[in-house]
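Reader: I am new to this structure and would like to understand the terms used for it. Could we look at it together, term by term?

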Amino acid sequence: MAGVQGHRLALAVCAAGGLGSLPAAMLSMATLQEELAVLSQRAAGPWNLNFFCHRPPAADMERMECWRVRLAPYARELGLMGLAPPAGPARQPFGPEAAALVARYRPPVVSFHFGLPAAPLLQQVRESGAQVWSTATTVDEARWLAAQGVDAVIVQGLEAGGHRGHFLRPDLDLDGQAPLADLLPAVRQALAASHPGLPLIAAGGLSSPQDVAAVRAAGAVAAQVGTAYLLSAEADTSRVHRAALRAAAQQGPGATLTALTNVFSGRPARGLLNRLMREQGPLSPEAPAFPLAATALGPLRQAAEGLGRGDFTPLWSGENLEALREQPEGEGAAALTRWLAGQ
């Protein structure tokens, strides 16, 4: 997940035979180049470089000011002098500079969230020799991606933590999205005639060897796992986020622990329920468009985390926290990868 991992986690997964991934959406081009220099030299096997490919929103100063006003009482509560108007987006879409880095460092796989980039940029990725993967949250999205010639479709069930990858409907329109157990066979059936053999990667709520085996049996060639790694020693997960995950995992099955929310970024993403989600969402039509909602929260998040609180922190998490219950704090990602693979 963007913001909680770098090359250390990707390298550990690769060392255990998995496909380590580097999320680039929140990295500056300078930082991305540094990460790629290490990853390309030290990876023990294939690795994946992931990008967002959303369209930056048009400026809506009135909407952003209304959002700032809604957040102002929290600033006063925390003793802040106020909140500056939201600045530019913290999450950048795939662009020419990123394409140039792909051409230079040649990752074996480049995956995308929110569809695919413009045709000239996508062609540059293909010319680098990378496989192109992208995320589908509905059958229609899977058909669209297959028609564009992707090398694999990541089938993202509704249980997945972090941002929903949908792109054919408006940001807050979640119609047609389904749990992985329903979506995976539906996508497989929909593509069977037109794109037989197109690899499907299952994602969403996978946190045990049994989960991985089940999606493989249902037709996926691989499982994409995110939340299970957030407590690993190599992850950059914050102290507040780690504590929230551990507390949620101890509650066991049956409790409502997560929800889809747009209050942190402007697009629906699954995270652990916290104060901001309960009081301003979880889904709010007043949140600025993705990714502008995040910028006004920075001072609130920093102040609250300084007090050991995650009230304004995006505590991304998928459903089904079995791996977090099983995994000792600080366990290495390589050991977790082997466990998930049933080794």
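**Reading the terms against the values**

Author: A good place to begin is P282, which lies in the loop between helix 10 and helix 11; please keep in mind throughout that the model is predicted.

Reader: What makes the peptide bond that joins G281 and P282 a cis bond?

Author: The bond between G281 and P282 has an omega of about 5°, and it is a cis peptide bond. P291 is found in the loop between helix 10 and helix 11 as well, and a cis peptide bond joins F290 and P291, with omega about 0°. As a general background, most peptide bonds are trans.

Reader: Why does A296 count as buried?

Author: A296 has a relative accessibility of 2%, and buried means under 20%, so A296 counts as buried. This residue lies in the loop between helix 10 (275-280) and helix 11 (298-306).

Reader: Why is helix 1 called oblique to helix 13?

Author: Helix 1 (residues 7-15) and helix 13 (residues 333-340) pack at an angle of about 45°, with their axes 8 Å apart. Angles under 35 degrees count as roughly parallel and those of 65 to 115 as roughly perpendicular, so the angle makes helix 1 oblique to helix 13. Their crossing is right-handed, and the contact is made by L9, A12 and V13 of helix 1 together with A333, A334 and T337 of helix 13. Sorted by class, the contact of helix 1 with helix 13 has 5 nonpolar residues, 1 polar residue and no charged ones.

Reader: How do you know that helix 1 is largely enclosed by the rest of the structure?

Author: Of the 9 residues of helix 1, 7 are buried, so the helix is largely enclosed by the rest of the structure. The buried residues are H7, L9, A10, L11, A12, V13 and C14, and what covers them includes strand 1 (20-23), helix 2, strand 2 (47-52) and helix 13.

Reader: What makes helix 2 roughly parallel to helix 4?

Author: Helix 2 (residues 29-42) and helix 4 (residues 96-105) pack at an angle of about 15°, and their axes are 11 Å apart. Because angles under 35 degrees count as roughly parallel, helix 2 is roughly parallel to helix 4. The crossing of helix 2 and helix 4 is right-handed. In this contact M29, L32, Q33, L36, A37 and S40 of helix 2 meet E97, A98, L101, R104 and Y105 of helix 4, and the residues divide into 7 nonpolar, 2 polar and 2 charged.

Reader: Which strands form the open sheet, and in what order?

Author: The open sheet has 3 strands in the order 6-10-9, with antiparallel pairing. Strand 6 (162-163) and strand 9 (258-261) stand at the edges, each with a single partner strand, so one side of each is left without a neighbour in the sheet. Strand 6 pairs with strand 10 (residues 269-272) over 2 bridges, and the bridge partner of H163 in strand 10 is A269.

Reader: What is the sign of phi in F114, and how do you know whether the residue is buried or exposed?

Author: Phi of F114 is near 75°, a positive value in a residue other than glycine. Most residues other than glycine have a negative phi. F114, in the loop between strand 3 and helix 5 (119-127), has a relative accessible area of 5%, and since buried means under 20%, F114 is buried.

How values were computed: Residues are numbered from 1 along each chain as its sequence is written. This is a predicted model: local features need pLDDT of at least 70, side-chain atom pairs count only at pLDDT 80 or more; totals for chains, interfaces and linings use all residues. Side-chain values use heavy atoms; hydrogens and water are left out. Axes are lines fitted to C-alpha atoms, for helices over the stretch in contact, and angles run from 0 to 180 degrees between N-to-C directions. Helices (H or I, at least four residues) and strands (E, at least two) are DSSP runs, numbered from the N terminus. Angles under 35 degrees count as roughly parallel, over 145 as roughly antiparallel, 65 to 115 as roughly perpendicular and the rest as oblique. A crossing is left-handed if the near helix is turned anticlockwise from the far one by less than a right angle, and right-handed if clockwise. Contact means heavy atoms within 4.5 Å. Ala, Val, Leu, Ile, Met, Phe, Trp, Tyr, Cys and Pro count as nonpolar, Asp, Glu, Lys and Arg as charged, and the others, Gly among them, as polar. Buried means under 20% relative accessible area, exposed over 50%, partly exposed in between (1.4 Å probe, protein chains only). Two strands pair if DSSP finds at least two bridges between them.
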